[in-house]
Amino acid sequence: MKVRIKSHWPPGHIRTPAYLRGKIGQIERRIGLFNNPEETAYRQTGPQRELVRVRFRMADIWGARAERGEDVIEAEIYAHWLEPV
Amino acid sequence: MPHDHHDHEHDHSHEGLSPSGHPYRADNDTDLSYWQAMEIALRELLIEKGHLTAAQIHAQINAMDSRSPANGARVVARAWVDPEFKAALLADAGAASRAMGFDIGPMHLIALENTKEVHNVVVCTLCSCYPRNLLGLPPDWYKSRAYRSRTVIEPRKVLSEFGLELPEQMQVRVHDSTADMRYIVLPAQPEASLGLTEEELAAWVTRDSMIGVGLPQAPQ
């Protein structure tokens, strides 16, 4: 399933790397529910969030600068950072 | 890159250097930093209020210091000789490591299998996430800005600086350890090691091969 990482730039303790924001990838696996570090970092309690591993083609992140476009990066992204493509 | 560091003085003055030319480590006579003072304050409060004892804190430090890549090497060697264990490791590396008797605490672990077609390498671009509860503390270069930023941009160049040249047709998978999971690479078993015992095989598994910047090799 294809997803786009939201291109949001809020302040705070964000575990979504900047270089992946706005990029499109494929869901590699769904890992389960975890505490949301954006809240726990400030002692806030909120609902747990689903954590998802997303696979990105290097070409889709770095464009023509990619070393080899078909190499991939995989990262864990919380579901509230994903939007459908 | 593996040996990039800045400990050496390059001004060719030999004052203050050991006989082998290395600078002596400075005594820690300076004031505490803000965070050093905070750590001491927090630790003393936890002890004063009876939440922990100094002995418990030290026991935990000892436990962490006693973890080493040899633990991961035993896990990899077991996966090489036992297909059922390998399947369990790839399904849930944390549970499989615990089943072998390793106390890895609450760590969530994923094992990444290297094959003829795929090479995996692990990085934490945001900080220094590492499977410490199995492998112990990460090497210094793993925490460097150069490794953390370059591995997601030019992994093949970084790997070549570690002496690892990958065939063009092999896919590189870079795993950015961004959140709750930790990663261990399950390297492919070298053909030259086929037929060895599990214990012998563990000596082939290097720390770097479990991060993905190296391959298993015959013990020296």
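Visitor: Two strands count as paired if DSSP finds at least two bridges between them; in this predicted model, how many bridges join β1(A) to β2(A)?

Guide: Strand β1 of chain A covers residues 2–5, and it runs antiparallel to β2(A). One of the positions that can be located in the structure is A:K2, whose bridge partner in β2(A) is A:Q26. Pairing asks for at least two bridges, and the number that joins β1(A) to β2(A) is three.

Visitor: Which residue of β3(A) is the bridge partner of A:R29?

Guide: Strand β3 of chain A, residues 49–57, is joined to β2(A) by seven bridges, with the two strands running antiparallel. Within β3(A), the residue that partners A:R29 is A:R53.

Visitor: Which element gives the largest share of the side of chain A that touches chain B?

Guide: The contact draws 17 residues from chain A and 18 residues from chain B. On the side of chain A, the elements that give two or more residues are β2 (24–34) and β4 (72–78). The largest share amounts to six residues, and the element that supplies it is β4(A).

Visitor: How many residues on the side of chain A that touches chain B are nonpolar, and how many are charged?

Guide: The residues on this side of chain A include no polar ones. They divide instead into two classes, with ten nonpolar and seven charged.

Visitor: In which sense do β4(A) and β3(B) pair, and which residue stands opposite A:I73?

Guide: Strand β3 of chain B spans residues 171–176, and four bridges link it to β4(A) in the parallel sense. Looking along β3(B), the residue that stands opposite A:I73 is B:V174.

Visitor: Which strands stand at the edges of the sheet?

Guide: The sheet is open and is formed by seven strands with mixed pairing, in the order β5(A)-β1(A)-β2(A)-β3(A)-β4(A)-β3(B)-β2(B). Neighbouring strands in it are turned against each other by 35 degrees on average, direction ignored. An edge strand has a single partner, so one of its sides is left without a neighbour in the sheet, and the strands in that position are β5 (82–84) of chain A and β2 (118–123) of chain B.

Visitor: At about what angle to β2(B) does helix α7(B) run?

Guide: Helix α7 of chain B, residues 145–153, lies across strands of both chains, namely β4 of chain A together with β2 and β3 of chain B. Relative to β2(B), the helix runs at about 150 degrees.

Visitor: How many residues of α1(B) are buried?

Guide: Helix α1 of chain B, residues 34–48, should span 21 Å at 1.5 Å a residue, and its end C-alpha atoms are 21 Å apart, which agrees. The helix is followed by B:G50, whose phi is positive, near 85 degrees. A residue is buried if 20 or more other C-beta atoms lie within 10 Å of its own, and among the 15 residues of this hardly covered helix the count is zero.

Visitor: What percentage of the residues in chain B is buried?

Guide: Chain B has ten helices and four strands, and its C-alpha trace spans about 55 × 55 × 35 Å along the principal axes. Of the 220 residues in this chain, the buried part is 32%.

Definitions and conventions. Residues numbered from 1 in each chain as written. Chains lettered and ligands numbered in written order. Predicted model: local features only at pLDDT ≥ 70, side-chain atom pairs only at ≥ 80, totals over all residues. Contact = placed C-beta atoms within 7 Å. Nonpolar A, V, L, I, M, F, W, Y, C, P; charged D, E, K, R; others polar. Expected span 1.5 Å × (residues − 1). Buried ≥ 20, exposed ≤ 12 C-beta atoms within 10 Å, placed from the backbone. Axes fitted to C-alpha atoms, helices over the stretch in contact; angles between N-to-C directions.
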